[in-house]
Amino acid sequence: MEHDKRVGLAVRIFSNHIGREIEHQITNNLPNGITGLQGRVICFIKSRADDVFQKDIEEEYDIRRSTATGMLQLMEKNGLLIREAVSYDARLKKIVLTDKALKIHDQIIEEIDRIENQLINDLTEDEINTFFSIIKKITNNIK
């Protein structure tokens with residue numbers, strides 16, 4: 001069965017549009033030149049109940065060690081995080097958000113909520129439910 005539009009391509013394009021909008025809003029509306037990735041890292045660290053290490057960030061965002069190191073060093077320099085030694089392994093340093101980053105986290109959540117509301121602006125509750133139902137079915141088809 002042939003389609004003029006490919007579902008996978010449409011989803012990828014849709015995802016790219018949303019990602020660019022979030023990146024744009026975070027970069028333009030938050031202080032200190034926070035990038036979208038830095039904002040996502042702040043949210044990732046905040047959401048975790050256990051200690052977070054550089055390796056966790058590398059794995060979560062599929063970035064190279066050198067990329068993570070540079071980003072985390074810049075975030076540390078900008079007062080967004082500190083690295084603290086852990087008692088059980090002298091080689092490891094956990095990443096801890098500062099109060100400044102926690103305040104920015106709240107702003108990131110506000111921006112994401114605003115974008116989410118923009119995405120569903122003209123949709124009915126039924127259309128939103130249908131969207132999630134279709135996404136679930138497509139996801140199950142590729143699992």
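Begin with the whole protein chain in cartoon view and follow the elements from the N terminus, where they run α-α-α-α-β-β-α-α; the chain thus comes to six helices and two strands. Keep in mind throughout that this is a predicted model.

While the whole chain is on screen, consider its overall dimensions. Along the principal axes, the C-alpha atoms fill a box of roughly 60 × 35 × 25 Å, and the radius of gyration of the protein chain is 19 Å, whereas a compact globule of 143 residues would have one near 15 Å. Switching to a surface view, one is looking at about 10,400 Å² exposed by the protein chain, with carbon and sulfur atoms supplying 51% of it. If the residues are coloured by accessibility, 27% of the 143 residues count as buried. Among the contacts with a separation of 6 or more, those between residues 24 or more positions apart account for 47%.

Next, select Phe-14, Ile-18, Ile-22, Ile-115, Glu-116, Leu-119, Ile-120, Leu-123, Ile-128, Phe-131 and Phe-132, which together line the largest pocket. The elements that give two or more residues to this lining are helix 1 (7–29), helix 5 (99–119) and helix 6 (125–141). The space in the largest pocket is about 280 Å³. How many nonpolar, polar and charged residues does the lining of the largest pocket have? By class, there are 10 nonpolar residues, no polar ones and one charged residue in that lining.

Stay with helix 1 and select Gln-25, whose place is in that helix. Is Gln-25 buried or exposed? Gln-25 counts as buried because its relative accessibility is 12%, which is under the 20% cut-off for that class. Showing its surroundings, and leaving aside residues up to four places away in sequence, one finds that Gln-25 touches Leu-30, Glu-111, Arg-114 and Ile-115; of these, Ile-115 is also one of the residues that line the largest pocket.

Move on to Gly-36, which lies in helix 2 (residues 36–47). Gly-36 counts as buried because its relative accessibility is 0%. With residues up to four places away in sequence again not counted, Gly-36 touches Glu-23, Ile-26 and Thr-27. A distance drawn from the C-alpha of Gly-36 to that of Gly-19 gives 8.7 Å in space, for two residues that are 17 apart in sequence.

Now select Asp-62, in the loop between helix 3 and helix 4 (65–77). What is notable about its backbone is the phi angle: Asp-62 has a positive phi of about 50° although it is not a glycine. Asp-62 counts as exposed because its relative accessibility is 72%, which is over the 50% cut-off.

For the last stop, select Phe-53, Gln-54, Lys-55, Glu-58, Arg-65, Arg-83, Arg-91, Leu-92, Lys-93 and Ile-95, the residues that line the second largest pocket. This second largest pocket has a volume of about 210 Å³. Helix 3 (54–61) and strand 2 (89–97) each supply at least two residues of its lining, and strand 2, with four residues, contributes the largest share. Colouring by residue class shows how the lining of the second largest pocket divides: three residues are nonpolar, one is polar and six are charged. Returning to the largest pocket for comparison, one sees again a lining with 10 nonpolar residues and one charged residue.

Key: Residues are numbered from 1 along each chain as its sequence is written. This is a predicted model: local features need pLDDT of at least 70, side-chain atom pairs count only at pLDDT 80 or more; totals for chains, interfaces and linings use all residues. Side-chain values use heavy atoms; hydrogens and water are left out. On a 1 Å grid over the protein atoms alone, a cavity is a set of points where a 1.4 Å probe fits but cannot get out, and a pocket is an open set with protein on both sides within 12 Å along at least five of seven lines; lining residues have an atom within 4 Å of a point. Grid points are joined across faces, edges and corners, and a volume is the space filled by probe spheres set on the points. Ala, Val, Leu, Ile, Met, Phe, Trp, Tyr, Cys and Pro count as nonpolar, Asp, Glu, Lys and Arg as charged, and the others, Gly among them, as polar. The radius of gyration is taken over C-alpha atoms; the globule rule is 2.2 Å times the number of residues to the power 0.38. Buried means under 20% relative accessible area, exposed over 50%, partly exposed in between (1.4 Å probe, protein chains only). Contact means heavy atoms within 4.5 Å. Accessible areas come from the Shrake-Rupley method with a 1.4 Å probe; for residues, only the protein chains shown count as cover.
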